[in-house]
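Biologist: I would like to go through this model and hear the grounds for each label.

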Amino acid sequence: MKHSGAYAEGSRGRFHGGPERSLPSPPARPLLGAGSPGDAEHDGDLVVQKRKAVHRPRLYKVLLHNDDFTTMEFVVEILVRYFRKSRVEATRVMLEVHHRGIGVAGVFTYEVAETKVAQVTAEARQHGMPLKCSVDPA
């Protein structure tokens with residue numbers, strides 16, 4: 001097969017050679033931003049869009065609850081695997097759960113927190129552990 005620097009016959013797109021395509025015509029007047037007419041202010045020939053305030057998403061704590069059957073080692077493994085804690089930090093959180101009855105495994109957006117709870121619960125059930133996780137607003 002001879003390499004000519006162009007795409008092979010029948011390939012999509014154009015690099016070198018192939019049929020020429022024309023570019024679309026530019027708009028009649030320059031536009032800044034896009035949106036509904038109610039969001040824009042007209043300034044001569046330019047359309048200026050007002051910025052809407054962007055808020056950070058609300059954060060939620062993933063909580064681990066103490067029980068009499070889940071082993072301390074399993075809780076440490078969960079914290080290392082799913083919450084990316086170091087062994088030292090995971091041990092600290094595990095002891096907090098053990099002594100206080102509840103501990104914060106991490107703080108995330110709602111969707112991420114719910115996913116973590118589902119993953120941890122599935123892993124615990126797979127290993128026969130009744131570990132309970134919950135989501136609480138931070």
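Modeller: The model is predicted. Helices here are DSSP runs of H or I with at least four residues, strands are runs of E with at least two, and both are numbered from the N terminus. By that count the protein chain has three helices and five strands, in the order β-β-β-α-α-β-α-β along the sequence. R84 falls in the loop between α1 (72-83) and α2 (87-100).

Biologist: What makes the phi of R84 worth a note?

Modeller: Its sign. Most residues other than glycine have a negative phi. The phi of R84 is near 55 degrees, which is positive, and R84 is not glycine.

Biologist: Why is R84 called exposed?

Modeller: The label exposed needs a relative accessible area over 50%. R84 has 77%, so R84 is exposed.

Biologist: How do you know that E77 and R87 form a salt bridge?

Modeller: The cut-off is 4 Å between a side-chain nitrogen of Lys or Arg and a carboxyl oxygen of Asp or Glu. For E77 and R87 the N to O distance is 2.7 Å, and the pair is a salt bridge. Because E77 is in helix α1 and R87 in helix α2, the pair ties together parts that are ten residues apart in sequence.

Biologist: Where do E77 and R87 stand on accessibility, at 32% and 46%?

Modeller: Partly exposed covers the range between the buried limit of 20% and the exposed limit of 50%. E77 has 32% and is therefore partly exposed. R87, with 46%, is partly exposed too.

Biologist: What makes E89, R92 and E96 a network?

Modeller: Two salt bridges involve R92. The closest N and O atoms of E89 and R92 are 2.9 Å apart, and those of R92 and E96 are 3.3 Å apart. Each distance is set against the limit of 4 Å, and the three residues are linked in a network of salt bridges.

Biologist: Why are these partners about one helical turn apart?

Modeller: E89 and R92 are three residues apart in helix α2, so about one helical turn separates them. R92 and E96 are four residues apart in helix α2, and again the separation is about one helical turn. On accessibility, E89 has 27%, R92 has 44% and E96 has 22%, so each is partly exposed. In total the model has four salt bridges.

Biologist: How do you know that D67 has no salt bridge?

Modeller: The nearest side chain of opposite charge is R125, 7.2 Å away. The limit is 4 Å, so that pair does not qualify. D67 is nevertheless buried, which means a relative accessible area under 20%. D67 lies in the loop between β3 (59-65) and α1.

Biologist: Which backbone atoms does the side chain of D67 reach?

Modeller: A polar atom of that side chain lies 2.8 Å from the backbone nitrogen of F69. The side chain of D67 also reaches the backbone nitrogen of T70, at 2.6 Å. A polar contact needs N or O atoms within 3.5 Å, and 2.8 Å and 2.6 Å fit that limit.

Biologist: What makes K116 a similar question?

Modeller: K116, in helix α3 (residues 110-126), is buried and has no salt bridge. The nearest side chain of opposite charge belongs to E123, at 12 Å, against a limit of 4 Å. The side chain of K116 has a polar atom 2.6 Å from the backbone oxygen of Y82. Across the protein chain of 138 residues, 24% are buried.

Biologist: How much space lies in the largest pocket, and which residues are closest to its centre?

Modeller: The largest pocket holds about 160 Å³ of space. It is lined by 13 residues, and the closest to its centre are N66, D67, T70, M72 and H98.

Biologist: What do the helices supply to the lining of the largest pocket?

Modeller: α1 and α2 each supply at least two residues. The largest share, three residues, comes from α2.

Biologist: How does the lining divide into nonpolar, polar and charged residues?

Modeller: Six of the lining residues are nonpolar, five are polar and two are charged. Met counts as nonpolar, Asp as charged, and Asn, Thr and His fall among the others, which count as polar.

Note on methods. Residues numbered from 1 in each chain as written. Predicted model: local features only at pLDDT ≥ 70, side-chain atom pairs only at ≥ 80, totals over all residues. Heavy atoms only, no water. Buried < 20%, exposed > 50% of the residue type's maximum accessible area, 1.4 Å probe, protein only. 1 Å grid on protein atoms, 1.4 Å probe; cavity = no way out; pocket = protein on both sides within 12 Å on 5 of 7 lines; lining within 4 Å. Points joined across faces, edges and corners; volume = space filled by probe spheres on them. Lys, Arg positive; Asp, Glu negative; His and termini not counted. Polar contact = N/O pair within 3.5 Å; in protein donor to acceptor, adjacent residues only side chain to side chain.
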